[in-house]
Amino acid sequence: MVKERARILVVGGGYVGMYTALRLQRKLKAELRRGEIEITVVTPDPYMTYQPFLPEAAAGSISPRHVVVPLRRVLDHCRVVIGEATSIDHATRTATVTTLASADAGRAELLRYDELVLAPGSVARTLPLPGLAEYGIGFKTVEEAIGLRNHVIEQMDIASSTRDPAIRDAALTFVFVGGGYAGVEALGELEDMACFAARYYHNVRAEDMKWILVEASDRILPEVGAEMGRYTVTQLRRRNIQVLLGTRLESCADRVAVLSDGQRFPTRTVVWTAGVKPHPLLAATDLPLTDRGRLRCTAQLTVEGAEHAWGAGDAAAVPDVTAAEPGTLTAPNAQHAVRQARVLGDNLVHALRGEPLETYAHAYTGSVASLGLHKGVAQVYGRRLKGYPAWFMHRVYHLSRVPTVNRKARVLAEWILSGLFKREIVSLGSLEHPRAEFELAAGGKHPHDPKGSS
């Protein structure tokens, strides 16, 4: 039994936040029913995004709404607050939260708690490069994935409707910065989709498009090993994709991508996937942080030197007890986040009941990556897979990991239908500015930003 009534605050609705809250409401079902426990989840979005499916959503293989899991449906015994935690004072057990209602009123709300689970995740790690803020496109949310899909198809429309060779060349040049999972999978899926869409343009061919991957290190996809990384480079280059290793983006001002090796590419598309950094919220807390700004945690997923505080996922520096070298931290990826959330939820319940805590220990099982339809690479339990088997393994693995039976069934159904019918190549860029048409009709004034995503 729980010793006393406890208010649990979960900050973040991503992998760690959702899975921890889900674990807590399962383990504390009786206490929640008796009113001895209160679980509050603060998240800026009312859904959890399954990020490994973003490339397929961008390519049109999966509907955007099936890439996300509605939190209110799965966390039916928790209080879900849609808002942004701006600061946390753990000494007084209070969190300052800005919600949609409080933002309109011009004031923030103060939430009190007894136990804190801090899992705000990460944000894109950007550099102060000229033009990046004006022309760069991220690839971390479902909105960005669908916006990028609309943007790519719109560039093909621009190229098809102009006779200016400079505009056409810039429209058909796509630069991706970052050779990790997000960059390689997004590039592979979108290039595959664009080549298919080119069949339906009378004056745009797949050979007319330039796809460029820029990576600052000497390898891509380090998670799948050096051999699989070299194989991936070879496969991408066979598809006429330029893979530039040891190269950095220095500027994209005036719609020109300038690289460190001196190359210049006029382009209307620069996709930035060059890593992530801890959420800025961590700097607005009184909890201990590492030199890189991550939450300093123990192997039991408690925060060092802070009672009643817990952390996991991208925002937490968790010791890897399975590593040979002392001081090694677990990698900030989804594989660890999901498993850490399970242990964190169990340990929080143990702490409430006065029971000993468990130690998080998870050996790395492998990695899978998709390079487009029927193409992929994988390294699972030491075995290397290429091509169709790796792509199939990628789909099987992520189908087994996506939350809820509802989402599994919907994703599987869409994959089956996409195998029976052709891809959809429609751009719905007007969804990003839905009032543009009405503003023009009602006011007679052309909107500042037209319907198109560009």
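## Aromatic pairs, cores and salt bridges

The structure, a predicted model, holds eight aromatic pairs. One of them is formed by Phe 174 and Trp 211, whose rings are stacked, with 4.3 Å from centre to centre and 25° between the planes. Phe 174 belongs to strand E11 (residues 173–177) and Trp 211 to strand E12 (residues 210–215), so the pair ties together parts that are 37 residues apart in sequence. Both Phe 174 and Trp 211 are buried. A further stacked pair consists of Tyr 388 and Phe 392, with a centre-to-centre distance of 6.5 Å and an angle of 15° between the planes. These two residues are separated by about one helical turn, because they lie four residues apart in helix H12 (residues 387–401). Tyr 388 has a relative accessibility of 45% and therefore counts as partly exposed; Phe 392, at 46%, also counts as partly exposed. In addition, Tyr 15, Tyr 50, Phe 53 and Trp 415 form one aromatic cluster.

Nonpolar residues were then examined in the interior. The largest nonpolar core has 112 residues. Those with the most contacts inside this core are Ile 8, Leu 75, Leu 118, Met 156, Phe 176 and Trp 211. A second core, separate from it, has 15 residues, among them Leu 132, Val 175, Val 214 and Val 270. When residues up to four places away in sequence are not counted, Trp 211 touches Val 152, Phe 174, Phe 176, Leu 187, Leu 190, Glu 191, Ala 194, Asn 240, Ile 241 and Gln 242. The contacts of Trp 211 thus include Phe 174, its partner in the stacked pair.

On the surface, a nonpolar patch is formed by Leu 412, Ile 416, Leu 417, Leu 420 and Phe 421, which together have about 530 Å² of accessible area. Ile 416, one of the residues in this patch, is located in helix H13 (residues 405–420). Its relative accessibility is 49%, and Ile 416 therefore counts as partly exposed.

Charged side chains were considered next. Side chains of opposite charge can pair when their charged atoms come close. The count comes to twelve salt bridges. In one of these, Arg 353 is joined to Glu 31, with the closest N and O atoms 3.0 Å apart. This pair links distant parts of the chain, 322 residues apart: Arg 353 is in the loop between helix H11 (334–352) and strand E22 (366–372), and Glu 31 is in helix H2 (residues 29–34). Arg 353 is partly exposed at 27% relative accessibility, whereas Glu 31 is buried at 3%. A salt bridge is also present between the side chains of Lys 375 and Asp 192, at 3.6 Å from N to O. Here too distant parts of the chain are linked, with Lys 375 in strand E23 (residues 375–380) and Asp 192 in helix H9 (residues 181–197), 183 residues apart. Lys 375 has a relative accessible area of 26% and is partly exposed, while Asp 192 is buried at 15% relative accessibility.

The salt bridge between Arg 205 and Asp 208 has an N to O distance of 3.5 Å. Arg 205 is exposed, with a relative accessible area of 52%, and Asp 208 is partly exposed, with 23%. Arg 23, Lys 27 and Asp 346 are linked in a network of salt bridges.

Three further residues were described individually. Tyr 47 is located in strand E3 (residues 47–49) and counts as buried at 18% relative accessibility. Apart from residues up to four places away in sequence, Tyr 47 touches Gly 13, Val 68, Val 69, Pro 70, Leu 71, Val 142 and Glu 143. The C-alpha atoms of Tyr 47 and Leu 244 are separated by 36 Å, the two residues being 197 residues apart along the chain.

Gly 138 is found in the loop between strand E10 (136–137) and helix H7 (142–160). At 21% relative accessibility, Gly 138 counts as partly exposed. Gly 138 touches Glu 144 and Trp 272, not counting residues up to four places away in sequence. From C-alpha to C-alpha, Gly 138 and Ala 124 are 7.6 Å apart in space, with their positions 14 residues apart in sequence. Thr 290 lies in the loop between strand E18 (276–278) and strand E19 (295–296) and is buried, with a relative accessible area of 19%. Leaving aside neighbours within four places in sequence, Thr 290 is in contact with Arg 296 and Ala 317.

Key
Residues are numbered from 1 along each chain as its sequence is written. This is a predicted model: local features need pLDDT of at least 70, side-chain atom pairs count only at pLDDT 80 or more; totals for chains, interfaces and linings use all residues. Side-chain values use heavy atoms; hydrogens and water are left out. Patches are made of residues with over 30% relative accessible area and no salt bridge: like charges are joined within 9 Å, nonpolar side chains (Val, Leu, Ile, Met, Phe, Trp, Tyr) within 5 Å. Accessible areas come from the Shrake-Rupley method with a 1.4 Å probe; for residues, only the protein chains shown count as cover. A salt bridge is a side-chain nitrogen of Lys or Arg within 4 Å of a carboxyl oxygen of Asp or Glu. Buried means under 20% relative accessible area, exposed over 50%, partly exposed in between (1.4 Å probe, protein chains only). A nonpolar core is a set of buried Ala, Val, Leu, Ile, Met, Phe, Trp, Tyr and Cys residues joined through side-chain atoms within 4.5 Å. Contact means heavy atoms within 4.5 Å. Rings of Phe, Tyr and Trp (its six-membered ring) pair if their centres lie within 6.5 Å; planes under 30 degrees apart count as stacked, over 60 as edge-to-face and the rest as tilted.
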